[in-house]
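User: I would like a close look at a single part of this model, set in the context of the chain around it.

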Amino acid sequence: MILINLLPHREAARKKQKEQFYTHLVMSALAGGIICGAVFTWYQGQISSQQDRNAFLKAEIVKLEAEIKDIATLQSQIASLRARQTAVENLQSDRNLPVHLLEALVTKLPDGVYLRSMKQENQSVLLVGSAQSQERVSELLRNLGHDSPWLSKPELVEIIAARADLQKNDQRRVSNFTIRVTLVRPSNTAAGASAVGTAPAPGKV
């Protein structure tokens, strides 16, 4: 017996394929949405975590900037205190410098040399005077630069030949000079002495 299918089986097959296609499409869309949602959620978590780290770093940077400002203030205060301490020490050490200057000049001043004025500016002293000859001025320069713990770097600023009236009819040739010399502070003198004391003797290590 022969069976004949009179139903539209081709249309039914096409309908079934369409239904399967749409089902797969919907499932793919759902899977894609789930994957996209998971990726978006993961990225949001990473962004949130990075934002938290950035906020923490900003807060720490603000703290460090405040500490740096405090350190800079402390450093400026320390520098100011050191400057004051140095000024006080210099004042204390400079109290006896005029005495040492006069004492050194008394011992270093050769015969035939006379000082008319002295002017001190910081550590520099300007000596103005007269000498019987230029050789006396040269001798004064050698004396000031030789073996003096309080005077250093004598420098002849100028020397001028002139005449001095000793009496009514007695004139003599003199040399008017200006010499600049540097005063040495006691602290520098002590430092130099200690350096000499600690230096090794010749031929010894």
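Leaving aside neighbours within four places in sequence, which residues is Thr178 in contact with?

Analyst: The model is a predicted one, and within it Thr178 lies in strand β4, which spans residues 171–183. Once its neighbours within four places in sequence are set aside, Thr178 is in contact with Leu126, Leu127 and Val128, and also with Glu155, Leu156, Val157 and Glu158. Thr178 has a relative accessibility of 10% and therefore counts as buried, the limit for that label being under 20%; in the protein chain of 205 residues, buried residues make up 14%.

Ile179 offers a second view of this part: with neighbours within four places again left out, its contacts include Leu126, Leu127, Glu155, Leu156 and Val157, together with Val137, Leu140, Leu141 and Leu144. Ile179 also belongs to the largest nonpolar core, a set of 16 residues in which Leu127, Leu144, Leu151, Phe177 and Ile179 touch the most other members. Two or more residues of this core come from each of α2 (97–108), β2 (124–131), α3 (134–145) and β4. In soluble globular proteins, nonpolar side chains tend to be buried together.

As for the chain as a whole, there are 4 helices and 4 strands, arranged from the N terminus as α-α-β-β-α-β-β-α. Among contacts in the protein chain with a separation of 6 or more, 59% join residues 24 or more positions apart. The protein chain exposes about 16400 Å², of which carbon and sulfur atoms supply 59%.

Notes: Residues numbered from 1 in each chain as written. Predicted model: local features only at pLDDT ≥ 70, side-chain atom pairs only at ≥ 80, totals over all residues. Heavy atoms only, no water. Buried < 20%, exposed > 50% of the residue type's maximum accessible area, 1.4 Å probe, protein only. Contact = heavy atoms within 4.5 Å. Areas by Shrake-Rupley, 256 points an atom, 1.4 Å probe, with all protein chains shown as cover. Core = buried A, V, L, I, M, F, W, Y, C linked by side-chain atoms within 4.5 Å.
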